[in-house]
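Notebook open, coffee poured. I'll jot down what I look up, one item at a time.

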Amino acid sequence: LFLPSICRVETSEKIVALSFDDGPTQRGQDAVLPLLRQADARATFFIVGHEAARRPELLVRLRQEGMEIGNHSWSHF
């Protein structure tokens, strides 16, 4: 059940890793995704499971935009 964590990437390029936690929300995606698209940037979205179950179309949208999806627990409680 546990996959190796990526804590470091060896590169000579100047890069930034973007991540967003506790979604998905329509409001958050409407604010962030156009900015990422404009900058030709990608990010990882760490999703709360019960929110994903309520709004699966938001996860579909993230994948269609080329974003990575990570697990941020089921309930956060």
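**Thr 44**

I started with the surroundings of Thr 44. Leaving aside neighbours within four places in sequence, Thr 44 is in contact with Leu 18, Ser 19, Phe 20, Glu 68 and Gly 70; contact here means heavy atoms within 4.5 Å. Before going on, a note to self: this is a predicted model, where local features need pLDDT of at least 70 and side-chain atom pairs count only at pLDDT 80 or more, while totals for chains, interfaces and linings use all residues. Residues are numbered from 1 along each chain as its sequence is written, and side-chain values use heavy atoms, with hydrogens and water left out.

Where does Thr 44 lie? I find Thr 44 in strand S2, residues 44–47. Strands and helices are DSSP runs numbered from the N terminus (strands are E, at least two residues; helices are H or I, at least four). Is Thr 44 buried or exposed? Thr 44 is buried, at 16% relative accessible area. The scale I use: buried is under 20%, exposed is over 50%, and partly exposed is in between (1.4 Å probe, protein chains only).

Glu 68 from that contact list also has a side-chain link to Thr 44, a polar contact of 3.0 Å. A polar contact is a pair of N or O atoms within 3.5 Å; within protein, one must be able to donate a hydrogen and the other to accept it, and residues adjacent in sequence count only if both atoms are side-chain atoms.

**Salt bridges**

How many salt bridges does a search of the whole structure find? I get six, counting a side-chain nitrogen of Lys or Arg within 4 Å of a carboxyl oxygen of Asp or Glu. I wrote up some of them.

- Arg 8 pairs with Glu 10, with the closest N and O atoms 2.6 Å apart. Arg 8 is exposed at 66% relative accessible area, and Glu 10 counts as exposed too, at 63%.
- Arg 61 pairs with Asp 30, and their closest N and O atoms are 2.8 Å apart. Arg 61 sits in helix H3 (residues 56–64) and Asp 30 in helix H1 (residues 26–38), so this pair ties together parts that are 31 residues apart in sequence. Asp 30 is partly exposed, at 41%.
- Arg 54 and Glu 51 meet through their side chains at 2.8 Å, N to O. Both are in helix H2 (residues 49–54), three residues apart, which means about one helical turn separates them. Arg 54 is exposed, with a relative accessible area of 56%.

**The whole chain**

Next I stepped back to the fold. The protein chain has three helices and three strands, and in sequence order they run β-α-β-α-α-β. Along its principal axes, the C-alpha trace spans about 40 × 35 × 20 Å.

Of the 77 residues, 23% count as buried. I also checked how far apart in sequence the contacts reach: among contacts with a separation of 6 or more, 73% are between residues 24 or more positions apart.

The chain exposes about 6,300 Å², and carbon and sulfur atoms supply 56% of that. Those areas come from the Shrake-Rupley method with a 1.4 Å probe; for residues, only the protein chains shown count as cover.

For charges I have 9 positive and 10 negative side chains, with the centres of the two sets 3 Å apart. Lys and Arg count as positive, Asp and Glu as negative, and His and the chain ends are not counted. Each charge is placed at NZ of Lys, CZ of Arg, CG of Asp or CD of Glu.

**Backbone oddities**

Which residues does a cis peptide bond join? I traced the bond to Gly 23 and Pro 24, with omega about 5°. Pro 24 belongs to the loop between strand S1 (19–23) and H1.

Asp 22 is not a glycine, yet has a positive phi of about 75°. Asp 22 is in strand S1 and is partly exposed at 41%.

Asp 40 is another non-glycine with a positive phi, about 50°. Asp 40 lies in the loop between H1 and S2 and counts as exposed, at 62%.

**Ser 75**

Last lookup: Ser 75, in the segment after strand S3 (68–71). Ser 75 is partly exposed at 23%. Not counting residues up to four places away in sequence, Ser 75 touches Val 48 and His 50. I also took the distance to Asp 40: the two are 35 residues apart in sequence and 32 Å apart in space, C-alpha to C-alpha.
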